[in-house]
Number of protein chains: 2
Amino acid sequence: MESSAGPRRVTLAQVAELAGVSVMTASYTYNRPSRVSDQARSKVLAAAARLGYAGPDPSARSLRRGSTRTLGVVMGEHLSYAFEDPEAVSFLAGIADICAGHGYGMTILPITGAADDVQRIKSAAVDGFIVWTTSDDDPVLAAVRAMRRPAVVHGGPAVQGMGLVGIDDRAAAHAVGTVAFAGAERPAIVSFPLSRDRTSAIVGGADITEVLFPVTRERLEGYRRAAEDAGIAWRDVPVAVCARNDAAEAERAAAALLASAEPPDAIAAMSDQQAAGVVHAIRAAGRAIPEEVAVTGWDDAAVAARLGLTTVAQSLRDQGAACAHAALGREPDSRTAPWSIVRRASTRR
Amino acid sequence: MESSAGPRRVTLAQVAELAGVSVMTASYTYNRPSRVSDQARSKVLAAAARLGYAGPDPSARSLRRGSTRTLGVVMGEHLSYAFEDPEAVSFLAGIADICAGHGYGMTILPITGAADDVQRIKSAAVDGFIVWTTSDDDPVLAAVRAMRRPAVVHGGPAVQGMGLVGIDDRAAAHAVGTVAFAGAERPAIVSFPLSRDRTSAIVGGADITEVLFPVTRERLEGYRRAAEDAGIAWRDVPVAVCARNDAAEAERAAAALLASAEPPDAIAAMSDQQAAGVVHAIRAAGRAIPEEVAVTGWDDAAVAARLGLTTVAQSLRDQGAACAHAALGREPDSRTAPWSIVRRASTRR
DNA sequence: CTGTTAGCGCATTCAA
DNA sequence: TTGAATGCGCTAACAG
């Protein structure tokens, strides 16, 4: 009777023996078929078929070659959270394109927020790392750096020894904020979380320097300057902090802003998803866009075109591709990506 | 000057030498810290820090242990397509839970539809495979089986030597179809693709036996029986085939059905996303739900509750977890998952 | 608690 | 075109 452990894995050596050739001839059959005679090759393949050889063992091959031909992508605290964000999905697709083109695999390294995240990074059999934007104090960053492989962060933070790919968030926020707040007297912001605990709140004159997510920090800084350019003091600008990047929470936050004693007449969001929620809240409150309340989004996703949102256009797909190149060690480590403002009917000008 | 290839990777042997201990003591420091004296451990860690040792090499460790501690997930033709489907995301989350709980990683194997998919399977350093539902003729299935590792398919097809996890789609379709078509005279179906080329069309009396996606085939079979139970011939049931599982295309398909000479008075969809599109089309056509047109979805996603959709409830998350268990070789290979009908206001009874 | 031996499966190097 | 030797970096098994 067969042992419950199942048959031992078939090795190249066994195939070679059955085929009556050396191990190297068998190896060449898989790696450089042109350097093997037709006769030898067919003997090897016949023997492999008879034994049920599964092909060269990936781990052994990685060890021998010194390369796994796989990139690791560190996707932030909640796997599903990352996948539910359509921009994150575009980013992954950009990475997948490049990996496929180079014959590389792609490993998603799900981060749970627990201490064993670091272990998962350490045991990842990958040649390079791509880290989706995170907070300045995320311990994952040090773990990735300690692996001493090519690594790149998307968005931020900037880490010594790691690449950085992303747009100039502060400049883009200043630009879109300027459009959003044109002619407004009471601008407001719907924001991503300010810290890793992801609490929701509405705060006035948020202390931007305390914000641990660099992307969020830079955007707030840009919005602050846009507000100040319009003659409005930062302490008078309410910031509705949402725990998650989705329309539903942004809608609730916007509804709260609109129901306040001094409702905003312009709302700049941090994603088109959020802006979509804001639009719903404004409509539900019976106000006109943009006459009574202007709205801006971010990313130029499909929903932005559908709702006529003024927004910041950037290609997360291209940025994913740039990150993959960097993680492959094929390109300068860092890159500032292009962005532009798309003006539509949700703003006054 | 440092070579452009960069410093050679630091090995455990170098760490051990600098620390003045044997390689095994260094190894134990990482793998069984309790079996090493505090003194030895701190010497090893100090040496590692001085040399910038990144920790045991994952590939070498996998080779030696005979296990990668990673599961591979084969996600179907388009990476982004898979991620955009919220049910697929739940499924992934279920897998991620189990992987995390067992200290396993999880590798997404993106399938492009090209010939090199098979190569990507063959070179995947994983202990087991989970295949997201695909067509009977998908060459990926043979490639996975050839790897001779624990493998499981979600949904279908059933493959000799591989596990199968999913619900009884035919029975569930029959049950929800019976509710959808109650009191209807002209039922219609909004369907997933019937073949891998993913063409859109409206067909009458679709030849179910030709459908290559087993999940779709089983659901159509169940709907057919429900229609026949209601006294309606299958050839009179229009099937609107959508290329993708999303609301937008389903809305267009439903609009076409509703604009026809004999508009349907009941529409059974294959996902809640599709059903949401159908609901929009019906509203746009100015018809009442369920009085003039009944609608059903599938999955009991958040949108189903929001729209009051009658639907089939199943837990993709639990099924993902079951697949992970099977791929870890820890459980009986196959499992029929539970489902139930959730009745809401979108149907006549 | 620590060390020695051995070899996981493969592909690079060099020789034939 | 083929083959022999070697070792990638690590850890199970055992001995001390």
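In the predicted model, a polar backbone atom of B:Leu12 is placed 2.4 Å from a phosphate oxygen of DNA strand D, a polar contact being a pair of N or O atoms within 3.5 Å; within protein, one must be able to donate a hydrogen and the other to accept it, and residues adjacent in sequence count only if both atoms are side-chain atoms. A second phosphate contact of strand D involves B:Ser27, with a polar side-chain atom at 2.8 Å from a phosphate oxygen. B:Arg64 instead addresses a base, with a polar side-chain atom 2.5 Å from a base oxygen of DNA strand D. The elements that give two or more residues to the surface near this strand are helices H2 (23-31) and H4 (58-65) of chain A and helices H2 (23-31) and H4 (58-65) of chain B; helices (H or I, at least four residues) and strands (E, at least two) are DSSP runs, numbered from the N terminus. H2(B) provides the largest share, five residues.

The model is predicted, with local features requiring pLDDT of at least 70 and side-chain atom pairs pLDDT 80 or more, while totals for chains, interfaces and linings use all residues. Residues are numbered from 1 along each chain as its sequence is written, chains are lettered from A and ligands numbered from 1 in the order in which they are written, and side-chain values use heavy atoms, with hydrogens and water left out.

Around DNA strand D there are 26 residues, of which A:Thr25, A:Ser37, B:Leu12, B:Tyr53 and B:Arg64 come nearest; a residue is near a molecule or strand if one of its heavy atoms lies within 4 Å of it. Sugar or phosphate accounts for 62% of the atoms of strand D within 4 Å of the protein, and bases for the rest. The surface near strand D consists of 13 nonpolar, seven polar and six charged residues, where Ala, Val, Leu, Ile, Met, Phe, Trp, Tyr, Cys and Pro count as nonpolar, Asp, Glu, Lys and Arg as charged, and the others, Gly among them, as polar.

DNA strand C is surrounded by 26 residues, the closest being A:Leu12, A:Met24, A:Tyr53, A:Arg64 and B:Thr25. Of its atoms within 4 Å of the protein, 56% belong to sugar or phosphate and the rest to bases. An N or O atom in the side chain of A:Asn31 is 2.9 Å from a phosphate oxygen of strand C, and a polar side-chain atom of A:Arg64 is 2.5 Å from a base nitrogen. From chain B, a backbone N or O atom of B:Ser22 lies 3.0 Å from a phosphate oxygen of strand C. H2 and H4 of chain A and H2 and H4 of chain B each give two or more residues to the surface near strand C, with H2(A) giving the most, four residues. This surface has twelve nonpolar, eight polar and six charged residues.

Within chain A, helix H1 (residues 12-19) packs on helix H3 (residues 38-51) at an angle of about 120°, with the axes 8 Å apart; axes are lines fitted to C-alpha atoms, for helices over the stretch in contact, and angles run from 0 to 180 degrees between N-to-C directions. H1(A) and H3(A) are therefore oblique to each other (under 35 degrees is roughly parallel, over 145 roughly antiparallel, 65 to 115 roughly perpendicular and the rest oblique).
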